[in-house]
Amino acid sequence: MTATSHPSAALAEFAANLRFEDIPAPVLRRAEDLFLDCLASILAGANTRPIQAIERYAVAMGPADGGAEVLISRRQTSPLFAAMVNAAAAHVVEQDDVHNGSVFHPAAVVFPPALAVAQALGRSGKELLVAAVAGYEVGIRIGEYLGRSHYKIFHTTGTVGTLAAAVTVGKLLNLNAEQMLHALGSAGTQAAGLWEFLRDAADSKQLHTAKAAADGMTAAYLAKEGFTGARRILEGAQGVAAGMSTDADPARLLDRLGERWALSETSFKYHASCRHTHPAADALQQAMREYKLRDTDIAEVITHVHQGAIDVLGPVVDPKTVHQSKFSMGTVLALIAREGRAGLAEFDAAPGNADVATLRTKVRMELDPEVDAAYPERWIGKVTVRTTDGRVLHARVDEPKGDPGNTLSRDEIEEKTLRLGVYAQAASEAEVREVINSVWNLENAARVTALLPKR
């Protein structure tokens, strides 16, 4: 039986057999960068209402002590509930990473279970890094496989995230290839997450990552106990693709597996909003600088976008909450025009701001054939600005800030981590600096321990 005839098994075998020595040093350094970026997002999300609700649920349902750390509260509990809370927190302020081609946010569903299980089992920093790389490589390829039709209805980070989490935890549990295949089967049958929540400003997006991390972990631990799952969960006649995609591309599942390191293609988020808004935000920033515009000069902004942006952002026409505002192209560009940036503080002040609301109505999205053809591999930003004095101005960005070719340096990642880490007062500046130091030395850690001191 060939790998192409049974790609689920080939992915399981790759993940089970991946060794630290197999991974190029630049990929490992990138994994550290992404881990730190994820930790910053977790801390920044600590005091939001949805995360506090999930934490109260975890306190009620989970053990009062254990080997894994809930970063937002500093308490210890089981790996399952620590991963659940941390994964939810990682995705709430919209600053976590994204892989363009799969439209998947790997960090939120890979690093929380990796950290929780590594702490509980006393695994080394090297083992955590290998597990994370395995989760990224498998998860990204599954996201690419499921295609654009999947993302139109399903939140890929919730669905694919369950499988990525299973692989990550399975690696830390030292599952063999057969067990890893069963973990994928049990994870895939639990995969879920629908975009409908955007229309109601509902909290489901945080539940998606919380459950993906927890359900993936459950699948891996069950596989360790001999529990079996569907062997062709991805490509089977009644598998994930059959039920969740109309344009699945089997060639993407094993694309240069072990040679092309998809983790290194992952982007950092510069603006604190849905990634679909970033190309246009960068383009408008460029126009504001180049033409020396003020927000009062703007009569209209047309954003030339791909269909995925319209599908996700289109339903948000009158944002009511901070989180919903991050899925409003008009709100994001209004903040760029007024404040010069769309960061956490700017979004906090956006709801109810009459000037932001007025500017929001001047923004509209238009499907652009060039931008749509390039997506999802490339996220091109194009805007047309019509000014109050009758000028028609254009700006374009071919690689948004944070993409691999326009990435954040380690200094910029540290600056972002410090800014996010103290944002919700989840940690002090000194504590955040200690977290930064721990991540930069993760490879040398004989045992992954708590990142923050107990309060």
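Helices (H or I, at least four residues) and strands (E, at least two) are DSSP runs, numbered from the N terminus. The structure is a predicted model, in which local features need pLDDT of at least 70, side-chain atom pairs count only at pLDDT 80 or more, and totals for chains, interfaces and linings use all residues. Residues are numbered from 1 along each chain as its sequence is written, and side-chain values use heavy atoms, with hydrogens and water left out.

**Exercise 1. Annotated regions and domains**

Task: State which regions UniProt annotates as domains, describe their secondary structure, and relate the two assigned domains to each other.

Solution.
Step 1. An unreviewed UniProt entry lists "domain: MmgE/PrpD N-terminal" at residues 10-251. UniProt positions are given in the numbering used here, feature names are shortened, and annotations may be inferred rather than shown by experiment. Over residues 10-251 the chain is 63% helix and 2% strand, with end C-alpha atoms 13 Å apart.
Step 2. The unreviewed entry also places "domain: MmgE/PrpD C-terminal" at residues 271-442. Residues 271-442 are 46% helix and 15% strand, and their end C-alpha atoms lie 27 Å apart.
Step 3. The protein is divided into domain 1 (7-269 + 410-444) and domain 2 (275-397); such bounds come from an automatic or database domain assignment.
Step 4. Taken over C-alpha atoms, the centres of domain 1 and domain 2 are separated by 29 Å. Contact (heavy atoms within 4.5 Å) links 27 residues of domain 1 with 22 residues of domain 2.

**Exercise 2. The nonpolar core**

Task: Determine how many residues the largest nonpolar core has, and examine the surroundings of Phe111 and Leu34.

Solution.
Step 1. A nonpolar core is a set of buried Ala, Val, Leu, Ile, Met, Phe, Trp, Tyr and Cys residues joined through side-chain atoms within 4.5 Å. Buried means under 20% relative accessible area, exposed over 50%, and partly exposed in between (1.4 Å probe, protein chains only).
Step 2. The largest such core has 155 residues, and Leu39, Phe111, Ile142, Leu333 and Val385 have the most contacts inside it. Helix 6 (residues 125-153) supplies the largest share of this core, 14 residues. At least three residues come from each of domain 1 and domain 2.
Step 3. Setting aside residues up to four places away in sequence, Phe111 touches Ala31, Leu34, Phe35, Cys38, Leu128, Ala132 and Tyr136.
Step 4. Leu34 lies in helix 2 (residues 25-44) and is buried, with a relative accessible area of 0%. By the same sequence exclusion, Leu34 touches Asp97, Ala107, Phe111, Tyr136, Leu263, Thr266 and Phe268.

**Exercise 3. Helix 5 and His150**

Task: Check the span of helix 5 and describe the environment of His150.

Solution.
Step 1. The expected span of a helix is 1.5 Å times one less than its number of residues. Helix 5 (residues 107-121) has 15 residues and should therefore span 21 Å; its end C-alpha atoms are 21 Å apart, which agrees.
Step 2. Because 13 of its 15 residues are buried, helix 5 is largely enclosed by the rest of the structure. Glycine 122 follows helix 5 and has a positive phi, near 70 degrees.
Step 3. His150 is found in helix 6 and counts as buried at 1% relative accessibility. Apart from neighbours within four places in sequence, His150 is in contact with Thr156, Thr159, Met244, Ser245 and Asp247.

**Exercise 4. A hairpin and backbone exceptions**

Task: Analyse the pairing of strand 5 with strand 6, then locate the cis peptide bond and assess Arg74 and Arg256.

Solution.
Step 1. Two strands pair if DSSP finds at least two bridges between them. Six bridges join strand 5 (residues 381-387) to strand 6, and the two run antiparallel. Arg386 stands opposite Val392 in strand 6.
Step 2. The strands form a hairpin with four residues between them, and Gly390 in the turn has a positive phi of about 95 degrees.
Step 3. In a regular strand the side chains alternate between the two faces of the sheet. Strand 6 (residues 392-397) has a covered face of Leu393, Ala395 and Val397, and an uncovered face of Val392, His394 and Arg396.
Step 4. The peptide bond from Tyr375 to Pro376 is cis, with omega near 10 degrees. Pro376 lies in the loop between helix 17 (369-374) and strand 5.
Step 5. Although not a glycine, Arg74 has a positive phi of about 70 degrees; Arg74 is in the loop between strand 1 (68-69) and strand 2 (76-77) and counts as buried at 3% relative accessibility.
Step 6. Arg256, also not a glycine, has a positive phi of about 50 degrees. Arg256 is placed in the loop between helix 10 (240-244) and helix 11 (278-290), and counts as partly exposed at 48% relative accessibility.
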